[in-house]
Amino acid sequence: DPATNVNCYTCHRGLSKPGTIEAVLLTTTSRIGVDSAMARYRFLRNDMASGKYNFGEQPVTETAAKLSAQGKYDDAIKLLQMNQEFYPNSVTIDFALAETYIAKGDKDAGIARLRAILTKNPNDRRAQGRLRQLGVQP
């Protein structure tokens, strides 16, 4: 109460074929590369007001996690760096970057991202704990 109205726009959001920004990024990265996926994202983001896609920080971060899980660390890092351009104060993106760098084998870059979190939020327990796990003093 009140009743929820469901119509074509509920699922399609103005698209002839419903989809998510995650699907756009993954498909484009797979077919023609991460640089093209990033260009596509930026182009689509210019039309944010239409509401066709979710341009919050979470979808790109989740897409990067999927790429990282596939061992595509460099692609994941590029997406996260792009995402950070739009959300520079996000500690979630910093943490995702840290974990991706560490998974890639670049511990120093991972530690740098964890320290960036502590610059933004000195009491971030997740970053402090991860630094301790890596044998580094927070």
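Is Asn83 buried or exposed in this model? Asn83 counts as buried, because its relative accessibility is 0%, where anything under 20% qualifies. The structure is a predicted model, and its secondary structure consists of eight helices and zero strands. Of the 138 residues of the protein, 39% count as buried, and the points below follow the nonpolar cores, two buried residues of helix α5, the last helix, and the salt bridges.

**Overall fold**

- Read along the sequence, the elements follow the pattern α-α-α-α-α-α-α-α.
- Among contacts between residues at least 6 apart in sequence, 48% join residues that are at least 24 apart.
- The protein exposes about 8100 Å², of which carbon and sulfur atoms supply 50%.

**Nonpolar cores**

- The largest nonpolar core holds 23 residues, and those with the most contacts inside it are Ile21, Leu25, Tyr41 and Leu79; at least two residues of this core come from each of α2 (21-32), α3 (34-45), α4 (57-69), α5 (73-86) and α6 (91-104).
- Apart from this largest core lies another core, of 12 residues, with Ile111, Leu118, Ala127 and Val136 among them.
- When neighbours within four places in sequence are left aside, Tyr41 is in contact with Ile21, Leu25, Phe55, Gly56, Val60, Met82 and Phe86.

**Met82 and Asn83 in helix α5**

- Met82 is found in helix α5 and is buried, since its relative accessible area is 0%.
- Beyond its neighbours within four places in sequence, Met82 is in contact with Met38, Tyr41, Arg42 and Val60; for the pair Met82 and Tyr41, which are 41 residues apart along the chain, the C-alpha atoms are separated by 9.7 Å.
- Asn83 is likewise found in helix α5, and its side chain makes a polar contact, at 3.1 Å, with the side chain of Thr61.
- Leaving aside neighbours within four places in sequence, the residues in contact with Asn83 are Glu57, Val60, Thr61 and Ile93.

**Helix α8 and its surroundings**

- In helix α8 (residues 125-133), the buried residues are Ala127, Gln128, Arg130 and Leu131; they lie on the same side of α8, because they cover an arc of only 165° around the axis.
- On the other side of α8, the residues Arg125, Arg132 and Gln133 are exposed, whereas the cover over the buried residues of α8 includes α6 and α7 (107-120).
- At the start of α8, a side-chain oxygen of Asp124 reaches to within 3.1 Å of the backbone nitrogen of Arg126, and just after the helix Gly135 takes a positive phi of about 80°.

**Salt bridges**

- The count of salt bridges in the model comes to six, including the three pairs described next.
- The side chains of Glu85 and Arg42 meet in a salt bridge with an N to O distance of 2.9 Å; this pair links distant parts of the chain, with Glu85 in helix α5 and Arg42 in helix α3, 43 residues apart.
- Glu85 counts as exposed, because its relative accessibility is 51%, where exposed means over 50%, while Arg42, at 29% relative accessibility, counts as partly exposed.
- The side chains of Lys120 and Asp94 meet in a salt bridge at 2.4 Å, N to O; Lys120 lies in helix α7 and Asp94 in helix α6, so this pair ties together parts that are 26 residues apart in sequence.
- Within that pair, Lys120 is partly exposed, with a relative accessible area of 33%, whereas Asp94, at 0% relative accessibility, counts as buried.
- The side chains of Glu99 and Arg130 meet in a salt bridge at 2.6 Å, N to O; this pair links distant parts of the chain, Glu99 being in helix α6 and Arg130 in helix α8, 31 residues apart.
- Glu99 counts as partly exposed at 25% relative accessibility, and Arg130 counts as buried because its value of 16% relative accessibility falls under 20%.
- Salt bridges that share partners also join Asp94, Arg113 and Lys120 into one network.

Methods. Residues are numbered from 1 along each chain as its sequence is written. This is a predicted model: local features need pLDDT of at least 70, side-chain atom pairs count only at pLDDT 80 or more; totals for chains, interfaces and linings use all residues. Side-chain values use heavy atoms; hydrogens and water are left out. Helices (H or I, at least four residues) and strands (E, at least two) are DSSP runs, numbered from the N terminus. Buried means under 20% relative accessible area, exposed over 50%, partly exposed in between (1.4 Å probe, protein chains only). Contact means heavy atoms within 4.5 Å. Accessible areas come from the Shrake-Rupley method with a 1.4 Å probe; for residues, only the protein chains shown count as cover. A nonpolar core is a set of buried Ala, Val, Leu, Ile, Met, Phe, Trp, Tyr and Cys residues joined through side-chain atoms within 4.5 Å. The arc is that of the directions from the helix axis to the C-beta atoms. A polar contact is a pair of N or O atoms within 3.5 Å; within protein, one must be able to donate a hydrogen and the other to accept it, and residues adjacent in sequence count only if both atoms are side-chain atoms. A salt bridge is a side-chain nitrogen of Lys or Arg within 4 Å of a carboxyl oxygen of Asp or Glu.
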